[in-house]
Amino acid sequence: MRKTFLWAATAFMLIPLYVLTVNAFKGQQDILSSPFGLSGLTLEPLGRALTNPNFNVAKGYAITLLFVVAVNVLSVGLAAPAAYVIARSPKRRFRVLMLFFLAGTFIPGQVLVIPVVYVLKTLGLMGTIRGFVLFETTLTLPFSIFLYAGYIATIPAVLDQAAAVDGAWPADVLAHRLPAHAAGGRHDGHSQHLLGVERLREPADHPRPGQRPLHRHHRRLRGGQPVLHRLLRGLPDAAAGHRSPARLLRLHATAHHQRPHGRSYERVTMREIRATVPLGAPPAWAVLERRLFDALDEAWRAFAARYCAPDGRLIYHGPAADRDGADDFYEAFFNWPTLYQLGGADDLLEAAKHHWEGVTAQLTELGYLVDEYERGYDWFHQGESMLLFYGICAADPRDERFAARARRFAELYLPGSANYDSEHDIIRAPHNGAVGPRYGLQWEWASYHTDLVSMRPFGLPLRDLPGITRWEDLADPCNAARMGAAMRERIGRGDVAVNLAATSLAVNAWLYDGEDRYRDWALRYIGAWQRRAEANNGVIPDNVGPSGIVGELHGGRWYGGNYGWQWPHGLYSVGAAAAIAAVNAHLLTGDDAALAIGRDPLEAVYEHARQAAVTETEMSISDRWLAELGDEAGKPTMLVPNRHDDSGWFDFQPPQLGFPVWLWHRSLGRPDADRLERLRRASGYDWTVVRPFRNKEEAGHEAPWLEYLRGANPAYPERMLTTALGQVQRRMALIEADDADLATIHVHHWQRLNPVLTEALLQLVTGTPQVLYNGGLLPTRLAYFDADKHRPGLPPDVAALVGAVRADGTELELVNLSLSRTRRVVVQAGQFAEHDFDHATVTAAPASGDGYPGDPRDYTAPPIHESEQEVAVHGPRLLVELPPGRRIRLDLHTTARVRTPSHQHY
């Protein structure tokens, strides 16, 4: 029956076509006598039609074809975007719009004739080609939209999301990716990542052209069991038993290429939430936070006006040291880009760039820089100088000038460069930079004598020289010369642990577009140091000789290198470099095991902890601890050794919390949380107290912040913000009272007066500790964008408070203090968008309203009620609309490290 029907339908359509075709080659008489026959066929009728002087057939067909093409192009061009939005949007108004278009298909053409004639006459298009094309296009639009929307609805929306992760805009998805999928093909290299869902079903080692995996080696799953691989031979593998196969597959499937110069998700549909709970009495923390933004905006302008020349350089005409000092010029502005990213003034980023370029020109003239980069110095100081640069790169990844600089600076250390010895996996000298290895040390130390009084607290740089056993022995010029010569030959050559901070250069370049060579070198170099640590019972050595042998220049000792365990700072410098390397390795791999290089040095010194008071213990850096502990410095507390020499561990000081806090911040794992809890229990001082101090790193308030996050210090936000405001006020007073000769001041002068503070804002706004000062990058827990200004940071009037941080989420409160302006803020899961918000639990006013603001005849406002609701997000960003005087609390349930980190813009 079915076949019979199909044959009948086919005949019904083909017979008229046959009659039309056959009779086109017949004369009039033959058509009338035998319309279905084949007799009398001739080309004469066609010839007469083609040569008819009254009608040009070819021209007629050409015009018709032109009309058809024009109408179809316009119809598809207009219908496709409208259909895409209608098909993809869950909002009711778009369904109503679809019904409106669909209704247009039921209007008879005859009904439209008179209105169309009047419209075309009014527009002056009657009797014109444009009018005809416009009319025909309008007639086809309702059906075209209906047809195209139905087609798009058959394609899973997850493909759009996967394409967005791959960097595609909706227009690209509509024009290329969806048609490619419908055709069963793949459009280009980037489209290899569109089929994210299907990829989860593939084996982890499935070949994917053009893909950049999150980890260096592909993972393999056979029979559901992971086959272990070693990451750079020394680092534990991500699949080493502590991750499920599904987790490994997801990490692998979400690895992707980056769009050049950072990625923006601004064109990807984000979940939008509107705050509805009335603010009532503004919380004190919110008022103080906005006041701090205002104060800092005023303060940085005052600093620039007082200490900077019009071209951005610092006013200084004093002498330049041989090698030391470049970092001090940059440090005066180190946190200005960070303040901009948090919500500082609109012109602050351009000011930061202006000062970076002005100072760079200034330092080039002084001989410190070559081709805009440090000529050659140690990474304890280079890392400090790079913070301003890293901040600018993160704040504006679309700036081509800084993107090019980021790559050029990183290439100074890649394999094949003058700085890197690929055979032994070492950086060739402690002092390194634009000119390659810069052997030796600064000439000021050519004779290391007792007049170097600032270095006396750190003791002898080398402790195995005959006849030099005490600092006082350096008063002898011969001894001072011998010490200087030995330092030049032994401390001024080979690799040192603080060079690990150079990996931030490579990671910063990698964050732009994910070039493997930057990642590979950083992991290779970190892996080499990790292997050395494993061979030294977990303690990272501080020196490697030119032949790649630990202790080669120091009689086999694993200590003794420049800025190493023995001299001058020990854990303060080695621990910082190790923590920076750990954070970088974690960014590159997403593997908590990569944090080992930062964990092991801490555990090594914690094993030798003792209880004693700071005031009763000799230590090389006591002034910072007297300020940080205040009136509790006399109480017994946990002290850990910072340095090591032939006699063992020495120089006991309280543990710096910044290092273990950053390890916890990256992993949010139980081992790192337990480490912090051990430190808290062993401390003899109150972790809830907020003391009004500011050290060089603009850090040190980690303890009261951690107590706040665990719910034991609820007043911390107000106390910390008040303390920060007091510090800004003091810096401004110091600037006002400063009468120093700017031509002869010490190069530390400016950093001591920089009035910009970001520790409080980083903690409270983003849930992140202060940056690791000796060259760390800043992967914050949360990041923000002003949706209306399309720039990083909180919008004006908006205050944010992170109240809790968990491995699977972050609790956030947003407040709009404005009385009249609606603000829209984008909340992002991580500075580099490597995380996803799965869903959010948000507060909302009752659907029926709660009566606020109440009756004007009442003396008080009615109580404010709120409820909670679950909102699906499924992406790295969330758009929150804050009407005037509204607030919202969000519990952002997060899946960590689901995509490759990259610099972001909006």
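Begin with the cysteines: the structure, which is a predicted model, holds 0 disulfides. Select Cys308 and then Cys393 to see two of these residues in their surroundings: Cys308 counts as buried because its relative accessibility is 9%, and Cys393 is likewise buried, with a relative accessible area of 0%.

Turn next to the aromatic side chains, of which the structure holds 34 pairs. Select Phe333 together with Trp336, whose ring centres are 5.0 Å apart and whose planes stand at 85°, so that this pair is edge-to-face; both Phe333 and Trp336 are buried.

Then move to Trp558 and Trp565, where the centres of the rings are 6.5 Å apart and the planes meet at 80°, so this pair, too, is edge-to-face. Colouring by accessibility here is worthwhile for the two values: Trp558 has a relative accessibility of 17% and therefore counts as buried, since the cut-off for that class is under 20%, while Trp565 is buried with a relative accessible area of 0%.

For a wider view, select Tyr330, Trp356, Tyr373, Phe389, Tyr390, Phe402 and Phe409 at once, as ring pairs link these residues into a cluster.

The last two stops bring charged side chains and rings together. Select Arg407 with Tyr512, and look along the ring normal: Arg407 lies over the face of Tyr512, at 5.5 Å from the ring centre. Finish at Arg624 and Trp625, where the charged end of Arg624 sits over the ring of Trp625, at a distance of 5.1 Å from the centre of that ring.

Technical notes: Residues numbered from 1 in each chain as written. Predicted model: local features only at pLDDT ≥ 70, side-chain atom pairs only at ≥ 80, totals over all residues. Heavy atoms only, no water. Phe/Tyr/Trp six-rings, centres within 6.5 Å; stacked < 30°, edge-to-face > 60°. Buried < 20%, exposed > 50% of the residue type's maximum accessible area, 1.4 Å probe, protein only. Lys NZ or Arg CZ within 6 Å of the ring centre and 35° of its normal. Disulfide = S-S within 2.5 Å.
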